[in-house]
Amino acid sequence: MPEQSAAEYRIEDLAHRSGATVRTIRAYQDRGLLPRPERRGRSNVYGPAHLDRLHQISDLLDRGYTLASIKELLEAWDTGRGLGGVLGLVAEVQGPWTDEEVARISRAELERRFGGVPDENALAEAVALGVLEPVPGNEDEFLVPSPQELAVAAELHAAGVPLTAISGHLKEVRQQVEHIASRFLEFTTEHVFARFLEHGPPTDADATEAAALVRRLRPLAQQTIDAELGRAMRTFATRHLRQHLMADAPPKVEEHTTVALPADTMQAVRRLVGAADAAAFVHAATERELHNRTLDILASNHPREGQVGQMD
């Protein structure tokens, strides 16, 4: 059946133009994401507003929104609050968080940089980790999302680190960095962005202000990590170097002052506690005497108040 007009569609026509399936369109209607069609006799008629709404839903799904959150955003749109600021905020958050630009590298160049020997297992691991991304239709070329990360791997391999060890190290580092990123976002959300999100989808003005804050705060995460990593590396590198350089040095022996006790005193101690415990008894007695003298000195140095205990 042909379209009734340029602005009216059957559900099959709407599905064809929007890229959604008929089943998906009906599911959106049931969830309240898509307005009900107009009834014309025994047929349902959809219009341009339905097509625009399907495009909005598809765009928000691509941006990572759930259907529940999309419904809230669309309800805000329908009440006149607008989506322009929100989508601007989404674009700002999903934008690049680094100055690096994606590069390309051929399979031959990869082999040259990593020893000149093909290693399909290492290549598959790099793709799985996202260090490399296949170029569709070209098996001999890859995208490199982070050229710096690939350069670090090449330097470590040239220094003698096996590729399997590099992959394992990257997995460990990534897990820890993802935890740091999560904590940074929780921190900034609690103290900065909570006021924009506590009442549901933000207004256009609030979303625009939040997007500006994202631009300002974006470099702080990287700067904080750089500063703390530099401090930690300096501390631990110095410690490791000292440990390895002094690994064969003889242990340092603490100096003790030896005091000779009279022979009859030691004999009395041995008779009291036994020869095996004599040294420990002398040590404990010495410690208690030093403790008591310290208490006496502290008490004598404290000024008396009001002649406490003075007799009339």
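Start by selecting glutamate 186: with 40% relative accessibility, this residue is partly exposed (between buried, under 20% relative accessible area, and exposed, over 50%, using a 1.4 Å probe and protein chains only). You're in a predicted model, where local features need pLDDT of at least 70, side-chain atom pairs count only at pLDDT 80 or more, and totals for chains, interfaces and linings use all residues. Numbering runs from 1 along each chain as its sequence is written, and side-chain values use heavy atoms, leaving out hydrogens and water.

Now add arginine 183, whose salt bridge with glutamate 186 has its closest N and O atoms 2.6 Å apart (the cut-off is a Lys or Arg side-chain nitrogen within 4 Å of an Asp or Glu carboxyl oxygen). The two sit 3 residues apart in helix α9, so about one helical turn separates them (helices are DSSP runs of H or I, at least four residues, numbered from the N terminus).

Next, colour all of α9, residues 163–197, and look for the kink of about 55° centred on glutamate 190 (the angle between axes fitted to the seven residues ending there and the seven starting there). Show Leu163, Leu170 and Phe193 too; they are among the buried residues of α9.

Then hop to helix α10, residues 204–245. Glutamate 228 and arginine 231 form a salt bridge there, at 3.1 Å between the closest N and O atoms, and they too are 3 residues apart.

Last stop: select Ile180, Ile225, Leu229 and Met233, a nonpolar surface patch with about 360 Å² of accessible area together. Helix α10 gives the most to the patch, 3 residues. Patch members have over 30% relative accessible area and no salt bridge, with nonpolar side chains (Val, Leu, Ile, Met, Phe, Trp, Tyr) joined within 5 Å and like charges within 9 Å; areas come from the Shrake-Rupley method with a 1.4 Å probe, and for residues only the protein chains shown count as cover.
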